[in-house]
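Hi,

Here is the structure I promised to pass on. Have a look at it first, and then read my notes underneath.

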Amino acid sequence: MIIKSLIFKDSLNKIEIPKINFDLMTVFVGTSGAGKTTIMNALNVIQRIALGDSSPGDSWEFEFIDNEKRLVNWKGKFSTKIDLDDDEEEVSNIEYEELIVDGIKIIERNKDQILLENKVLPSLDQYKSMLYLLRGDESIKTIYSSIERIILISNDCHSHTKADALRLISDGFVNQVKKKLKSKGCSGIKDLNDFNLTCREKIYFSKHFDKVSFDEFEFIYKSIFPSVESLNVELKNRYNKFGSSSNSSKSVVFITLDLINGGKVNQAEISSGMFKAMMILADLTLSSPEEVIIIDEVENSLGVNCLPDILSEMKGSKMQCIFSTHHPRIISDIPPKNWQIVNRTNGSIHCYKSEELIKSNSKHDKFIQLMNNEIYLNGNV
């Protein structure tokens, strides 16, 4: 998919994001407190709503091209009135929701009725989006799966920042992925968009079933960390607290680094910088071009030596890459046409394209002007 634009409002916390237009590469730049992370959180909320979460007080309009190349406009609004569900979680009902695909209204929902392609539906869960409730419907499932495959990486995203944060995967799931990779017409790991693989699982399956893709990934990783000789990637059975193998038929992906000097680094001992670089690189090089990768403050936990290589992969990627930064070295390395300059004023977060604020044909001059621009410097007014 390709994200085209976003409008978002959080009525409870009095946060408003007027329309932002996205490019294939979009870099949100601004000082601390300007609102970069708030924009990333809004994108996360949009995804969570699509996946069935209730989000009290929030309203949105989200436009994107789905994985069938259709232009989709999805908008809605949750009530500010908060209820508690059976799990004591805060929820609110959806006051309205609308889905337009290639100019044709597919879903229209309000307090009185729900229409799917102009047909009245019975009452459905008022706390969940129609994208989630109808995710198996032929007219909706590609839209749902497109949003599902947005990859969001934040500072507390354990799958990308914690080497010991392991997801259990069943033998049945492993066999399904193997079958797909061995099937006629499958060209490799990048054809597995429907399986919702984690970054670690992409490394495992490419290592064992797509040597060309894995070798490219490993070569780039070793060029960033020349002390690494190779990556060993295997499935290990889950162990219970008594140390014996469980009977759950579930496993975890386990990665070991072999070093040039003959040493080994077990997965839990991989440094945060080496691990995060590995996971981001896996998503950039082993993912379908239909996925979108979103990274909040890309420089966090990455060593200064990693940044040029990771940025190079982002700039060369066929995926849509969206990330935020306040690191001058990163900003200077990104073409100014891809900057979105972020400024917060009384809870309203605005984004400006570089050409709106900076008048110069020189990339160097644009960078200098940005560093001295009042809207950039006074990001949180």
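Below is what I found, going from the helices to the salt bridges and then to two buried residues.

One thing up front: this is a predicted model, so please read everything here in that light.

**Helices H5, H6 and H7**

Let's start with H6, which covers residues 199-209. This helix is mostly covered, with eight of its 11 residues buried. The buried ones are Cys199, Arg200, Glu201, Lys202, Ile203, Tyr204, Phe205 and Ser206. There are charged side chains in that list, so it may be worth a look on your screen: Arg200, Glu201 and Lys202 are among the buried residues of H6.

H6 packs against helix H5 (residues 171-182), with the axes 11 Å apart and an angle of about 50° between them. That angle makes H5 oblique to H6, and the crossing is right-handed. On the H5 side, the contact is made by Phe173, Val174, Val177, Lys178, Leu181 and Lys182. Their partners in H6 are Glu201, Tyr204, Phe205 and Phe209. Sorted by type, the residues of this contact come out as seven nonpolar, no polar and three charged.

H6 also meets helix H7, which runs over residues 211-224. Here the axes come within 6 Å and cross at roughly 120°. H6 and H7 are therefore oblique to each other as well, but their crossing is left-handed. From H6, the residues involved are Ile203, Ser206, Lys207 and Phe209, and these meet Lys211, Phe214 and Phe217 in H7. This contact divides into four nonpolar residues, one polar and two charged. Note that Phe209 turns up in both places: this residue of H6 meets H5 and also meets H7.

**Salt bridges**

What makes such pairs possible? Side chains of opposite charge can pair when their charged atoms come close. How many salt bridges does the structure hold? The count is 17, and I picked out a few for you.

Lys211, which we just met in the contact with H6, forms a salt bridge with Asp215, at 2.6 Å from N to O. The two sit four residues apart in H7, so about one helical turn separates them. Lys211 counts as exposed, at 58% relative accessibility, whereas Asp215 is partly exposed at 34%.

Lys77 and Glu95 make another salt bridge, with 3.9 Å between N and O. This pair links distant parts of the chain: Lys77 is in strand E5 (residues 71-78) and Glu95 is in strand E8 (residues 94-101), 18 residues apart. Both ends are partly exposed, with Lys77 at 33% relative accessibility and Glu95 at 21%. The Glu95 value sits just on that side of the line, because buried means under 20%.

Then there is Lys105 with Glu108, whose closest N and O atoms are 3.9 Å apart. Lys105 is partly exposed at 38% relative accessible area, and Glu108 is partly exposed too, at 30%. This pair belongs to a bigger arrangement, since Lys75, Glu98, Lys105 and Glu108 are linked in a network of salt bridges.

**Ser59 and Gly57**

Ser59 lies in strand E4, residues 58-65. Is this residue buried or exposed? Ser59 is buried, with a relative accessible area of 15%. Setting aside residues up to four places away in sequence, Ser59 touches Ile7, Phe8, Lys9, Gly76 and Lys77. That brings us back to Lys77, the salt-bridge partner of Glu95.

Gly57 is found in the loop between helix H1 (36-50) and E4. With a relative accessible area of 2%, Gly57 is buried. What does Gly57 touch, leaving aside its neighbours within four places in sequence? The contacts are Lys9, Asp10, Ser11, Leu12, Phe78, Ser79 and Thr80. Lys9 is thus a contact of Gly57 and also of Ser59. Gly57 and Ser92 are 35 residues apart along the chain, yet their C-alpha atoms are separated by 7.7 Å.

That's the tour. Shout if you want to go through any of it together.

Cheers

Notes. Residues numbered from 1 in each chain as written. Predicted model: local features only at pLDDT ≥ 70, side-chain atom pairs only at ≥ 80, totals over all residues. Heavy atoms only, no water. Axes fitted to C-alpha atoms, helices over the stretch in contact; angles between N-to-C directions. Parallel < 35°, antiparallel > 145°, perpendicular 65-115°, else oblique. Left-handed = near helix turned anticlockwise from the far one by under 90°. Contact = heavy atoms within 4.5 Å. Salt bridge = Lys/Arg side-chain N within 4 Å of Asp/Glu carboxyl O. Buried < 20%, exposed > 50% of the residue type's maximum accessible area, 1.4 Å probe, protein only.
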